[in-house]
Amino acid sequence: MNKMIVLIICFLSCFFIKAQQNDSIILKNGIDSPNHLATHHFGIFSSRISTNFKLKVLQKATFSFNLSSGNSFHPFVEAYLPKDPETRERLSQIKWHDRTFYFINQETTPADYINIVVDGVIKEFRPSLTLPVSKYHELNLSLRSYLITKGKYPFSPLTSDESIEWFHSDVIKSEDPYGRRYYGLNQVNFKYTDRNGNVLEFDNNDFFIGGIELNHHYYPEFLINKTRKIFINFGSHLGLNTSKYNTSVDVGVSVNAVKKIDLKNRYQLQIAIGTNLLRKNVINFKNNIDLGNNAYIATAESAIEITKYNGKGHYHAFGVNYQLQSRYFKKEETDYFRLIGKWEEINGGWQNGITTLYKTLINWDFIYTYGKPNLQLSFYIKEDFLVNNAPDFQTGFNIKIPVFD
C-alpha cells in the first residue's frame with residue numbers, strides 16, 4: 001500500500017512539473033467540479049456516471065487525481081422476501097415494522113433471504129486523464145480503486161466515527177440514534193449475503209481495484225451558445241468492473257446543460273442540470289454477487305456555482321450540487337418484505353441497511369474550487385440530510401493539471 005502511494009505522488013509530481021512549462025492554460029471550464037459520487041457500499045462496484053457540467057473541450061490534455069472518504073454505517077439487519085402470492089398480499093396490508101413471517105424451509109414457506117451489515121470508512125482513489133480528440137469531442141479515462149478502513153485519526157479527520165459522534169453530541173446536542181456507540185466506534189464490519197447465498201465481505205485495510213471507465217463527451221455548437229449562453233453536452237460511457245464480486249461491463253448515456261451568467265466586478269454565475277442512465281452488467285464474466293435487481297442506475301443532478309476572478313487569472317468558486325440516484329432494489333418488494341434487527345437496542349435506523357436499497361438516494365454537495373493557470377484544487381463535503389448513512393458523511397479532494405503540451 002505504501003509503495004502505491006509513493007508511485008502516485010511521483011506520478012503527480014511529474015505531471016505538475018510538465019504543467020509549469022505552459023503558463024497560458026486556464027483550467028476553468030464551466031462547473032468543473034471534482035468527482036463527488038457517493039462511496040455507496042453497492043455503488044463502488046459499478047461504473048456510475050459522474051455528471052459533466054463543462055462548456056466545451058479544453059484543448060489541452062488534463063490529468064486529475066480525486067480522493068474521497070465516506071463513512072457508512074448500517075447495523076446488522078435481515079430480510080425475508082416471501083415468494084407465495086397469498087403471503088405477499090397478506091403482508092402488504094400490514095405496516096412493514098409490524099409484519100410477521102416465520103421461515104421454516106423453502107418447501108413450506110418459500111422466501112428469498114438477504115442480510116447486511118456495513119460499518120467502516122470507504123476511501124476512493126481515482127486518477128483520470130482527459131484527452132481532446134477534436135474541437136467538439138473529448139475522451140476521459142479513469143481508474144477507480146478503494147480502501148476499506150476503520151477511519152481512525154489522522155487519516156479520516158472529518159469522516160471518522162469520533163468526528164460524527166462529536167458533532168451529534170456537542171454541536172447538534174442530540175445523540176446519534178443509529179447504533180454506532182452500541183456496536184463500538186472505529187471498526188470495520190462489512191458483510192453482505194445476497195439472495196443467492198453469495199457473500200461479500202471486507203476486513204480492515206482491504207484494497208481493491210473497482211474498475212476502468214472510458215467516457216466520451218460531445219460538445220455541439222448551437223445558436224443558444226452565443227445568444228443565451230446555454231451550453232449542452234452529450235456523453236456515452238463504458239465501464240469495465242474488475243472486483244472479484246462484480247466482474248462485468250456497464251454502458252451508459254448522459255446529457256447536461258449549463259447556463260452562464262456574467263456579473264459585475266468579475267463575478268460569474270453558472271446554473272446547470274444533467275441526467276444520465278447506466279445499464280449495469282450488460283456483460284457478466286462470471287456469476288457475480290447480486291448488487292441490486294434494478295438493471296439501471298439513473299441519476300439527476302442540478303448545480304449552481306458562483307465564481308470570483310481576479311486580475312491574475314486566479315479564481316475562487318463556490319458551488320452547491322443536488323443529486324438524486326435511483327434505487328438498487330425494486331420498490332415493489334417493500335410491500336411484503338419482513339425485516340429483522342435489534343430495533344429495541346438501537347432505537348432508530350436499525351432497518352436502514354435494507355430499506356435504503358429500496359429508496360431514491362439524495363445527496364447535497366458543497367464545493368470550493370481554487371484555480372490559477374496550470375492548477376485547479378477542489379474540496380467538497382457531501383451530506384444526505386435524510387440520514388440514510390449511504391454514506392452518512394463524505395469529503396473529497398481533487399487536483400487537476402494540464403499535461404502533454
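**Strand pairing and nonpolar cores**

In the predicted model, Gly239 stands opposite Asp250 of strand E8. Residues are numbered from 1 along each chain as its sequence is written, local features need pLDDT of at least 70 and side-chain atom pairs count only at pLDDT 80 or more, while totals for chains, interfaces and linings use all residues. Side-chain values rest on heavy atoms, with hydrogens and water left out.

Strand E7 (residues 230-243) pairs with E8 (residues 246-262) in the antiparallel sense over 14 bridges; pairing requires at least two bridges found by DSSP, and strands are DSSP runs (E, at least two residues) numbered from the N terminus. The two residues between E7 and E8 form the link of a hairpin. E8 also runs antiparallel to strand E9 (residues 267-284), to which 14 bridges join it. Within this pair, Val258 has Ala272 in E9 as its bridge partner. Four residues separate E8 from E9 in a hairpin, and Asn265 in the turn has a positive phi of about 60°.

The largest nonpolar core (buried Ala, Val, Leu, Ile, Met, Phe, Trp, Tyr and Cys residues joined through side-chain atoms within 4.5 Å; buried means under 20% relative accessible area with a 1.4 Å probe, protein chains only) has 39 residues. Those with the most contacts inside this core include Phe42, Phe190 and Ile354. Two or more residues each come from strands E1 (61-82), E2 (111-132), E3 (137-149), E4 (189-193) and E5 (199-202). E2 gives the largest share, five residues. Beyond its neighbours within four places in sequence, Ile354 is in contact (heavy atoms within 4.5 Å) with Val77, Ala79, Ile114, Ile116, Phe337 and Leu339. A second, separate core of nine residues includes Phe63, Phe65, Phe125 and Leu147.

Methods. Buried means under 20% relative accessible area, exposed over 50%, partly exposed in between (1.4 Å probe, protein chains only).
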